[in-house]
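Visitor: I have a structure open and would like to know what justifies the words people use for its parts. Could you take me through the reasoning?

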Amino acid sequence: MPYPGRFAAVPTGRRALALDVGGTKLAAGVVDGQGEVLARHQVATPRTTDPEALFATVSALLDEVRRRAGATVAAVGVGCGGPMSAGSGVVSPLNIPAWRDFPLVDRLRDRFDVPVALDNDAKALALAEGWVGAAAGRRNFLAMVVSTGVGGGIVLDGRLLDGADGNAGHIGHVIVEPDGRQCACGAQGCLEAEASGTAIAATTGRPAAEAGAAVRARTGRLVGRAVASVCNLLDLRLACVAGSVALGYGEPFFVAARAELDARARLEFSRGAVIVPGGLGHDGPLVGAAAVAWRALGHPILGDPSSATPSPATPSSATPSSATPSSASPSSASPSSAGR
Ligand SMILES: [Zn+2]
């Protein structure tokens with residue numbers, strides 16, 4: 001059964017091949033135009049330094065899931081950990097050393113002979129949540145992932161924010177403890193350095209999933225603190241939080257996050273902002289990857305025609321007509337009756 005929410009105008013019967021590239025696992029799925037995952041499969045990310053060996057694993061995974069669904073696909077959509085350079089289709093995921101400046105989009109296009117679109121995995125999740133998840137129909141929200149790392153994507157005025165290099169929404173590097181732990185980015189006290197699964201494991205000496213009540217509450221508190229800053233900055237009232245740490249910690253995490261958000265989002269417009277669990281569970285990343293593909297093909301995933309514009313992170317990866325980076329100005333975004 002499809003998820004609740006509005007359906008994007010993807011022709012019935014079309015399928016996208018979705019790929020989520022993470023440092024811990026590689027997941028693939030076949031997703032239809034209503035955001036339903038028809039088949040899924042995942043494997044552990046191989047611990048290899050050989051870029052071709054990793055690509056072979058990815059290709060086999062996609063073949064397998066396509067076989068399971070028995071479907072031809074119209075496009076491939078990819079969500080991948082950052083950083084990536086805008087429009088190049090080239091990835092260098094921090095936690096996957098085998099791929100440095102790896103031309104993932106070109107390679108997938110050669111392999112599958114359909115349009116391929118790529119975006120940051122957390123931005124992809126934001127598309128998914130706004131399409132058929134916990135933010136369906138909302139024009140302003142933050143979506144974030146708290147798992148091995150911490151990532152985020154922001155939809156503002158019905159548009160997914162890209163930023164100069166396609167990296168907008170990196171809430172993992174909002175400072176939550178000025179004198180806190182050193183972050184891999186070079187700063188100190190970033191949310192990711194304090195609240196990611198990696199950070200929790202490093203500070204507690206055991207897997208994040210085994211953390212006690214105090215750690216669960218502190219993790220929620222720090223996430224709520226970062227969310228409050230973003231809500232104050234961007235006039236937001238909704239944050240959807242997914243990822244294995246957040247969803248695994250459950251209510252104690254969310255209760256602490258909400259209390260901290262309530263305490264720190266005190267402006268008239270940010271007061272009352274809420275944090276909710278992501279609405280798509282473990283399908284979120286794949287639905288998001290498919291959303292990246294549909295959007296690059298011109299389907300208005302977020303209900304706003306302007307949101308169908310390929311992001312700067314995807315143009316060379318999509319159809320030939322989108323080979324030029326989009327320069328759609330806000331004024332070209334006609335007000336939409338859809339959404340709120
Ligand atoms: Zn950082």
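Guide: What follows is a set of questions about the terms used for this predicted model, with the reasoning behind each answer.

Visitor: Gladly. How many helices and strands does the protein chain have?

Guide: The protein chain has nine helices and ten strands. Of its 340 residues, 53% count as buried. Among contacts between residues at least 6 apart in sequence, 66% join residues at least 24 apart.

Visitor: Let us start with a partly exposed residue. Why is Gln188 called partly exposed?

Guide: Its count is 14 other C-beta atoms within 10 Å. A residue is buried at 20 or more and exposed at 12 or fewer, so Gln188, with 14, falls in between and is partly exposed.

Visitor: Where does Gln188 lie, and what does it touch?

Guide: Gln188 lies in the loop between strand S8 (159-160) and helix H4 (191-195). Leaving out residues up to four places away in sequence, it touches Gly180, Gln182 and Cys183. The C-alpha atoms of Gln188 and Ile175, which are 13 residues apart along the chain, are separated by 7.4 Å.

Visitor: Now to the sheets. What makes S3 and S5 edge strands?

Guide: Five strands form an open sheet in the order S3-S2-S1-S4-S5, with mixed pairing. Strand S3 (37-44) and strand S5 (116-120) each pair on one side only, and that makes them the edge strands. Direction ignored, neighbouring strands of this sheet are turned by 15 degrees against each other on average.

Visitor: How do you know that S1 and S2 pair?

Guide: Pairing needs at least two bridges. Strand S1 (residues 15-21) and strand S2 (residues 25-32) have seven bridges, in the antiparallel sense, so they count as a pair. Within that pair, Ala18 stands opposite Gly29 in S2.

Visitor: Which helices go with this sheet?

Guide: Helix H1 (residues 51-69) lies across S1, S2 and S3, running at about 150 degrees to S3. Helix H2 (residues 104-112) also packs on the sheet, touching S1, strand S4 (75-80) and S5. The direction of H2 makes about 150 degrees with that of S5.

Visitor: And what is the strand order in the other open sheet?

Guide: That sheet of five strands has the order S8-S7-S6-S9-S10, again with mixed pairing. S8 and strand S10 (274-277) are the edge strands, as each pairs on one side only.

Visitor: What makes the pairing there mixed?

Guide: Both senses occur in it. Strand S6 (residues 141-146) and strand S9 (residues 238-242) run parallel and are joined by four bridges, with Met144 opposite Val241 in S9. S6 and S7, however, run antiparallel and are joined by six bridges, with Ala143 opposite Gly153 in S7. A hairpin of three residues links S6 to S7.

Visitor: Why do S7 and S8 count as paired?

Guide: They have two bridges, in the antiparallel sense, and at least two are needed, so the pair qualifies. Leu156 stands opposite Arg159 in S8. Their hairpin has two residues between the strands, and Asp157 there takes a positive phi near 55 degrees.

Visitor: What makes you call S7 mostly covered?

Guide: Six of its seven residues are buried.

Visitor: How do you know that the end-to-end span of helix H6 agrees with its residue count?

Guide: H6 (residues 213-234) has 22 residues, which at 1.5 Å a residue should span 32 Å. Its end C-alpha atoms are 31 Å apart, so the two values agree. H6 packs on the sheet, touching S6, strand S7 (150-156), S9 and S10, and its direction makes about 155 degrees with that of S6. After H6 comes Asp235, whose phi is positive, near 60 degrees.

Visitor: Last one: which residues touch the most other members of the largest nonpolar core, and why is that core said to lie between two domains?

Guide: Of its 101 residues, Val78, Val227 and Ala293 touch the most other members. Helix H9 (residues 284-296) gives the largest share, nine residues. Domain 1 (15-123 + 283-329) and domain 2 (137-278) both give residues to this core, so it lies between them. As for Ala293, leaving aside neighbours within four places in sequence, its contacts are Ala16, Ala75, Val76, Gly77 and Ala117.

Key
Residues numbered from 1 in each chain as written. Predicted model: local features only at pLDDT ≥ 70, side-chain atom pairs only at ≥ 80, totals over all residues. Expected span 1.5 Å × (residues − 1). Contact = placed C-beta atoms within 7 Å. Core = buried A, V, L, I, M, F, W, Y, C linked by C-beta atoms within 7 Å. Domains from an automatic or database assignment. Axes fitted to C-alpha atoms, helices over the stretch in contact; angles between N-to-C directions.
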